[in-house]
Amino acid sequence: MRKTLVFDMDGTIADLYGVNGWLENLREENARPYIEAKPLYDMDVLASILGLLRLNGWTIAITSWLSKESTKAYDKKVREAKKEWLAKYNFPYDEIHLVKYGTTKANCTRKNGGFQILVDDNEEVRKGWHLGDTINANENIIEKLVDLLVAEYE
């Protein structure tokens with residue numbers, strides 16, 4: 001059976017909300033917060049765990065919303081900034097979906113089938129997930145991913 005881990009970015013792996021002036025910048029269509037956000041985890045550790053999960057058949061997907069109020073030009077800047085951030089921190093992924101704010105995230109990976117786990121900080125988004133399970137990114141996702149990895153060997 002196909003297994004997919006689906007990661008949100010903002011507030012899940014990237015500390016967008018910790019960037020000084022993030023909301024004002026987004027309203028001004030300035031992509032700076034997406035570029036300057038610090039990782040919420042040690043990205044080397046996270047990449048190692050994800051690499052081991054990939055060796056055990058997991059697909060890694062990014063499904064992240066764009067800015068709530070934006071133009072097509074700003075959407076393009078945000079997409080570029082998010083991809084740049086992922087590359088900067090060597091986050092391994094197999095597919096990426098950077099979609100309009102409010103898009104049902106399950107619609108982005110439904111075609112993958114199988115069992116899917118969404119890693120997201122937004123409770124409402126997690127409650128709407130119906131393709132498998134969720135991990136609350138307001139808790140330590142490293143611990144949850146290690147548990148998932150250990151389960152692969154049981």
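This report walks through the empty spaces in the structure and then two of its helices. The model is a predicted one, so read what follows with that in mind.

**Pockets and a cavity**

Rolling a probe the size of a water molecule over the atoms shows where empty space is left. Here is how the spaces look side by side.

| Space | Volume | Lining by class |
|---|---|---|
| Largest pocket | About 450 Å³ | nine nonpolar, three polar, nine charged |
| Second largest pocket | About 170 Å³ | four nonpolar, five polar, two charged |
| Largest cavity | About 30 Å³ | four nonpolar, no polar, two charged |

Start with the largest pocket. Its lining is made up of 21 residues, and Y17, W22, L26, K68 and Y101 are the ones nearest the centre. Two elements, α1 (22–27) and β2 (58–65), each put at least two residues into that lining. Of the contributors, α1 gives the most, with four residues. If you care about the chemistry of the wall, nonpolar and charged residues number nine each, with three polar ones besides.

The second largest pocket draws on other stretches of the chain. Along its wall you'll find W65, then the run G102, T103, T104, K105 and A106, and further on N122, E124, V125, G128 and W129. Five of these lining residues count as polar, four as nonpolar and two as charged.

As for enclosed space, the structure has one cavity of 30 Å³ or more. M9, D10, A14, Y34, K82 and W85 line this cavity. No polar residue takes part in that lining, though two charged ones do.

**Helix α3**

Helix α3 covers residues 43–55, and its 13 residues reach 18 Å from the first C-alpha to the last, close to the 18 Å expected at 1.5 Å a residue. Which residues of α3 are buried? They are M43, L46, I49, L50 and L53. Looking down the axis, these buried residues fall within an arc of 130°, so they line one face of the helix. The spacing fits a general rule: an α-helix has 3.6 residues a turn, so residues three or four places apart point the same way. On the other side of α3, D44 and L55 are exposed. The buried residues have plenty of partners, packing against β1 (3–7), β2, α4 (72–88) and α7 (141–152).

**Helix α4**

Next comes α4, with 17 residues that should span 24 Å at 1.5 Å a residue; its end C-alpha atoms are 24 Å apart, which agrees. Its buried set is Y74, D75, V78, A81, K82, W85 and L86. Seen down the axis, this set falls within an arc of 135°, so here too the buried residues line one face of the helix. Over on the other side, K72, A73, K76, A87 and K88 are exposed. The buried residues of α4 pack against α1, α2 (32–36), α3, β2 and β3 (95–99). Two of the buried residues, K82 and W85, also turn up in the lining of the largest cavity.

One residue of α4 deserves its own look: D75. Is D75 buried or exposed? With a relative accessible area of 3%, D75 counts as buried, because the cut-off for that is under 20%. Leaving aside residues up to four places away in sequence, D75 touches L66, S70 and K100. Finally, just after α4, N90 takes a positive phi of about 50°.

Methods
Residues numbered from 1 in each chain as written. Predicted model: local features only at pLDDT ≥ 70, side-chain atom pairs only at ≥ 80, totals over all residues. Heavy atoms only, no water. 1 Å grid on protein atoms, 1.4 Å probe; cavity = no way out; pocket = protein on both sides within 12 Å on 5 of 7 lines; lining within 4 Å. Points joined across faces, edges and corners; volume = space filled by probe spheres on them. Nonpolar A, V, L, I, M, F, W, Y, C, P; charged D, E, K, R; others polar. Expected span 1.5 Å × (residues − 1). Buried < 20%, exposed > 50% of the residue type's maximum accessible area, 1.4 Å probe, protein only. Arc of directions from axis to C-beta. Contact = heavy atoms within 4.5 Å.
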